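Please open the model in your viewer and keep the sequence alongside it. The tour below proposes one selection after another and says what is to be found at each stop.

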Amino acid sequence: MASHVLTPTPSIIGQKVIREDVRKKVAGEVLYSADWVMPGMLYAKLVRALYPHAKITKIDSQGAYQVPGVVRVIEAKDVPVNQFYDDPSGLGEKIAQHKVFQDDEVRYVGEPICLVVAKTPEAAEKGAEAIWVDYDILPSVHDPLEALKEDAPLVHPHGNTVVEWNVHKGDVDAVIQDPGLVHIQRTYRTGFVDHLYLEPESGVGWIDNDGIVTLRCATQVLEHYRDIARMLNLPENRVRVICPYVGGGFGGKEDMTVEPYLAIATWITQKPVKMVWSRQESLLARPKRHPFIMTYDVWAKPQGELVAMKVDITGDAGAYAMLSPRVLFAAAVVATGPYRIDHVDVKSRAVYTHNVPTSAFRGFGAMQMAFGYEQIMEEIAQELGIDAVEFRRRHFITYFAPFGTWFGHFFYSRFGGLGGSVYTVSGNAKASKMAKNVA
């Protein structure tokens with residue numbers, strides 16, 4: 001009777017592994033999404049809003065059809081489900097994000113209105129320029145603090161606040177009654193930041209031999225096939241997304257870019273379609289890093305001991321929620337940085353404006369806050385006449401790892417900035433919890 005011996009698969013752990021992609025990249029052999037071509041391929045170009053806030057009263061596409069090579073103009077009425085749904089809070093709530101094509105009210109410069117599909121990139125460009133859109137221009141708001149005022153123009157009917165998170169530890173209001181404490185207040189602002197990846201947004205779509213809508217495009221989230229299937233009113237197994245090498249993302253390709261427009265153009269024309277955004281398009285209309293307005297109030301003893309801190313954070317969400325609730329939650333958690341403070345109040349909110357939407361960017365709100373808490377630590381140290389480096393050393397969080405180093409690092413990374421015993425987190429996105437901090 002033959003015996004079967006299982007031979008362990010050789011492990012790559014601890015071994016030198018040659019990265020195949022390195023050789024290909026050095027040799028210039030790698031194909032990125034804009035490099036792919038298909039026989040009989042068409043080209044797509046978006047028509048984008050020219051105003052930050054306006055009613056669309058008419059879209060006239062007849063001029064585009066006079067351009068030689070233009071095959072089709074696709075508008076909102078041509079999309080089976082002209083609406084994307086997402087869960088920006090991460091709490092299981094389905095929230096309508098935005099339309100595939102805006103046919104009613106534009107809310108930022110660059111918002112997609114319609115799509116021109118043509119036989120050449122030049123024809124698509126000229127066709128897009130020939131589209132005439134009539135606007136009824138409306139008041140707009142571009143500063144998130146102004147957007148919070150009662151008389152501010154509404155970005156959406158339900159109000160300009162996307163979400164608000166509140167983090168509390170200790171009892172700030174009680175301890176700051178001590179008249180001997182040194183108190184300073186400072187406000188800091190950070191601006192929009194673009195991901196500026198080397199590879200612009202691009203891709204190719206086609207319908208394969210089995211009738212499946214297939215997209216090959218630069219993306220960080222293959223799971224967007226579900227959103228595309230819903231948009232086309234198709235079963236999810238009738239849509240496929242393929243990701244080639246990505247020439248940079250940094251969060252900027254987490255949200256959909258070319259995917260929905262390639263899908264609808266391919267579905268309607270039944271031909272392969274290619275789309276490549278220009279750098280100008282990318283800078284104009286792609287979601288950016290959130291601008292923050294951060295107000296810090298800090299109380300310390302004259303001898304140099306931090307007693308309490310209040311932090312008020314306002315993030316500019318732009319015209320649509322995207323991932324703002326998660327970004328502003330992360331900002332609230334790290335608002336005090338790696339410093340031990342026993343009494344903390346943090347308010348963190350995302351606010352709609354008529355600016356380009358903001359969303360995922362490496363660090364998810366932590367980068368802006370690093371500027372805030374390091375600047376306030378520098379300034380309070382100066383106020384107290386203490387060397388800033390020494391002042392920081394005195395307040396570094398120390399942590400223990402009763403279940404191992406990884407466990408300690410986990411809690412430090414999640415809750416370290418709120419060093420102490422107990423904190424509470426609450427928000428208007430139906431989130432509430434209490435957790436023990438081991439820092």
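## First stop: N233

Begin by selecting N233, which sits in the loop between helix 6 and strand 13. The model is a predicted one, and in it N233 takes a positive phi of about 60° although it is not a glycine. Most residues other than glycine have a negative phi. Is N233 buried or exposed? With a relative accessibility of 62%, N233 counts as exposed, because the cut-off for that class is over 50%. N233 follows just after helix 6, and that helix is the next selection.

## Helix 6 and what covers it

Colour residues 225-232, which make up helix 6, and show the side chains of D227, I228, A229, M231 and L232, the buried residues of this helix. If you then display the surroundings, the elements that cover these buried residues include strand 4 (84-86), strand 12 (213-217), strand 13 (239-242) and helix 7.

Add helix 7, residues 259-269, to the selection and look at how the two helices lie: helix 6 and helix 7 pack at an angle of about 40°, with their axes 10 Å apart. Helix 6 is therefore oblique to helix 7, and the crossing in which helix 6 passes helix 7 is right-handed. To see the contact itself, select I228, M231 and L232 on the helix 6 side, and E259, P260, A263, I264 and W267 on the helix 7 side. Sorted by residue class, this contact of helix 6 with helix 7 holds seven nonpolar residues, no polar ones and one charged residue.

Before leaving this region, move to Q270, in the loop between helix 7 and strand 14 (273-276). Like the residue of the first stop, Q270 is not a glycine, yet its phi is positive, at about 60°.

## The largest nonpolar core

Which residues touch the most other members of the largest nonpolar core? Select Y296, I313 and M369, which hold that position among the 42 residues of the core. The elements that each supply at least two residues of this core are strand 9 (161-169), strand 10 (182-189), strand 15 (292-300), strand 16 (306-318), helix 9 (324-333), strand 17 (343-352), helix 10 (366-384) and helix 11 (388-395). Of the contributors, helix 10 gives the most, with seven residues.

Now centre the view on M369 and, leaving aside its neighbours within four places in sequence, show the residues in contact with M369: F292, M294, Y296, V311, I313, A331, V334 and A335. Apart from this core lies another one, of 31 residues, among them L46, I74, L232 and M275. L232 takes you back for a moment to helix 6, where L232 is one of the buried residues.

## Helix 10 against helix 11

Return to helix 10 and display helix 11 with it. The axes of these two helices come within 9 Å and cross at roughly 110°, and helix 10 and helix 11 are therefore roughly perpendicular to each other. Helix 10 passes helix 11 in a right-handed crossing. For the contact, select E374, M377, E378, I380, A381 and L384 in helix 10, which meet A388, F391, R392 and H395 in helix 11. The residues of this contact divide into six nonpolar, one polar and three charged.

Within that group, zoom in on A381, which has its place in helix 10. A381 is buried, with a relative accessible area of 0%. Beyond its neighbours within four places in sequence, A381 is in contact with I386, A388 and F391. A distance drawn between the C-alpha atoms of A381 and R392, which are 11 residues apart along the chain, comes to 8.5 Å.

## Last stop: S61, then the whole chain

Select S61, in the loop between strand 2 (54-60) and helix 2 (62-65). S61 lies in a loop and is buried, with a relative accessible area of 10%. Not counting residues up to four places away in sequence, S61 touches V73, E75 and I131.

Finally, zoom out to the whole chain, which has 12 helices and 19 strands. Of its 439 residues, 51% count as buried. Among contacts between residues at least 6 apart in sequence, 79% join residues at least 24 apart.

Note on methods:
Residues numbered from 1 in each chain as written. Predicted model: local features only at pLDDT ≥ 70, side-chain atom pairs only at ≥ 80, totals over all residues. Heavy atoms only, no water. Axes fitted to C-alpha atoms, helices over the stretch in contact; angles between N-to-C directions. Helix = DSSP H or I, 4+ residues; strand = E, 2+ residues; numbered from the N terminus. Parallel < 35°, antiparallel > 145°, perpendicular 65-115°, else oblique. Left-handed = near helix turned anticlockwise from the far one by under 90°. Contact = heavy atoms within 4.5 Å. Nonpolar A, V, L, I, M, F, W, Y, C, P; charged D, E, K, R; others polar. Core = buried A, V, L, I, M, F, W, Y, C linked by side-chain atoms within 4.5 Å. Buried < 20%, exposed > 50% of the residue type's maximum accessible area, 1.4 Å probe, protein only.
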